[in-house]
Amino acid sequence: MKVGFVSSILAEDTFHGVMSVASELKYNCVEMACWPEGGAERRYAGVSHIDVGNMDDAAVDYIKRTERDYGVEVSALAYYPNTMDNNLEKRNYYMDHLKRVIDASAKLDINLVTTFIGRDQYKTVEENLEEVKNVWPTILWYAEERGVRIAIENCPMLFGSDQWPGGQNLMTSPDIWEKIFEILPNENLGLNFDPSHFIWQGMDYIKPLYEFRDKLFHVHFKDIKIQKERLERVGILAYPLEYMTPKLPGLGDVQWDKFVAALKDTGYQGAACVEVEDRDYEENRESIIGALRESKKYLEQYL
């Protein structure tokens, strides 16, 4: 298993700077953010450490050389838009950039893209499952032709009023995964598994590792802390951020010994990347570096 981190938290750093931090902290890999310039619509989005619109031979050589020099791999190119947005202009924009990310992943011999399946937040699950049939076969075919796998994260993207009522990512539970994998039986479609999102949805995050072991393409190490007193007051129908808080691994409710043990049981040997979204560690760059250092130190006891 290769341990890395998601580059988005180092939003002000260059690609070279991110790789330098990873090397200094002895991480094996980095999931590299590849948003369009100026494309931020939410926190942790809009970060671009690799310009996928500029993948000439010189750029490709520079990225590969930097990987070799630092002894750090790029585990995946990351871009998390809503490719099933009800605004068709936005949808097409997102899909066009996603294809550029796929192209870049192939040119760089990374061959993995992490993203969301998307969702029209104003339609039912059933209606969105039908929409998947219209949107995703073309994307998966495009990726397959280039030898690229697509790993979908299970974040519901339902945190506040702007994402109400259904959220902006359909692939949130094993039940829906099963339905989508039946609709899209492509071998290059899999999961970017994040246990933290199972915590606040009240789901088991161990059993799915075994059930979907063949679909584990990438993993996130992120924790969630449920504020029980707050949950008792607002209930599970409240906006999730009213009763839960993203945390560093070890500071929330994920049982990391059991999670990592299950990952090992499945034979998983891919990348597992720390995703820092803990506001207690975002005061400045020094705090962020500290978060990455502490996360790795904590996880090493299991890895």
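Me: Let's start with one residue: does cysteine 34 count as buried or exposed?
Reply: Cysteine 34 is buried, at 0% relative accessibility. The terms work like this: buried means under 20% relative accessible area, exposed over 50%, and partly exposed in between, with a 1.4 Å probe and protein chains only. Before we go on, this is a predicted model, where local features need pLDDT of at least 70, side-chain atom pairs count only at pLDDT 80 or more, and totals for chains, interfaces and linings use all residues. Residues are numbered from 1 along each chain as its sequence is written, and side-chain values use heavy atoms, leaving out hydrogens and water.

Me: How many disulfides does the model have?
Reply: In general, a disulfide is a covalent bond between the sulfur atoms of two cysteines. Here a disulfide is a pair of cysteine sulfur atoms within 2.5 Å, and by this rule the count is zero. For cysteine 29, the nearest cysteine sulfur belongs to cysteine 273, 4.2 Å away, and cysteine 29 is in no disulfide. Cysteine 34 is in no disulfide either; the nearest cysteine sulfur, again that of cysteine 273, is 13 Å away. Cysteine 29 counts as buried too, at 1% relative accessibility.

Me: Which backbone angles should I look at?
Reply: Most residues other than glycine have a negative phi, and most peptide bonds are trans. In this model, the peptide bond from tryptophan 164 to proline 165 is cis, with omega near 5°. Proline 165 sits in the loop between strand E5 (149-153) and helix H5 (174-183). Helices (H or I, at least four residues) and strands (E, at least two) are DSSP runs, numbered from the N terminus. The loop between E5 and H5 also holds methionine 157, which has a positive phi of about 50° although it is not a glycine. Lysine 26, not a glycine either, has a positive phi of about 65°, and is found in the loop between helix H1 (15-24) and strand E2 (29-33).

Me: Are those two positive-phi residues buried or exposed?
Reply: Lysine 26 is exposed, with a relative accessible area of 63%, whereas methionine 157 is buried at 5%.

Me: What does serine 295 touch?
Reply: Contact means heavy atoms within 4.5 Å. Leaving aside neighbours within four places in sequence, serine 295 is in contact with Tyr27, Leu248, Pro249 and Val274. Serine 295 lies in helix H10 (residues 285-300) and is buried, with a relative accessible area of 0%.

Me: Where does alanine 11 lie?
Reply: Alanine 11 is in the loop between strand E1 (2-6) and H1, and counts as partly exposed at 40% relative accessibility. Beyond its neighbours within four places in sequence, alanine 11 is in contact with Val47 and His49. Alanine 11 and alanine 33 are 22 residues apart in sequence and 9.0 Å apart in space, C-alpha to C-alpha.

Me: What lines the second largest pocket?
Reply: A pocket is an open set of points on a 1 Å grid over the protein atoms alone, where a 1.4 Å probe fits, with protein on both sides within 12 Å along at least five of seven lines; lining residues have an atom within 4 Å of a point. The second largest pocket has 25 lining residues, and Pro156, Leu158, Trp200, Gln201 and Ile236 lie nearest its centre. Helix H6 (residues 196-201) gives the largest share of this lining, three residues.
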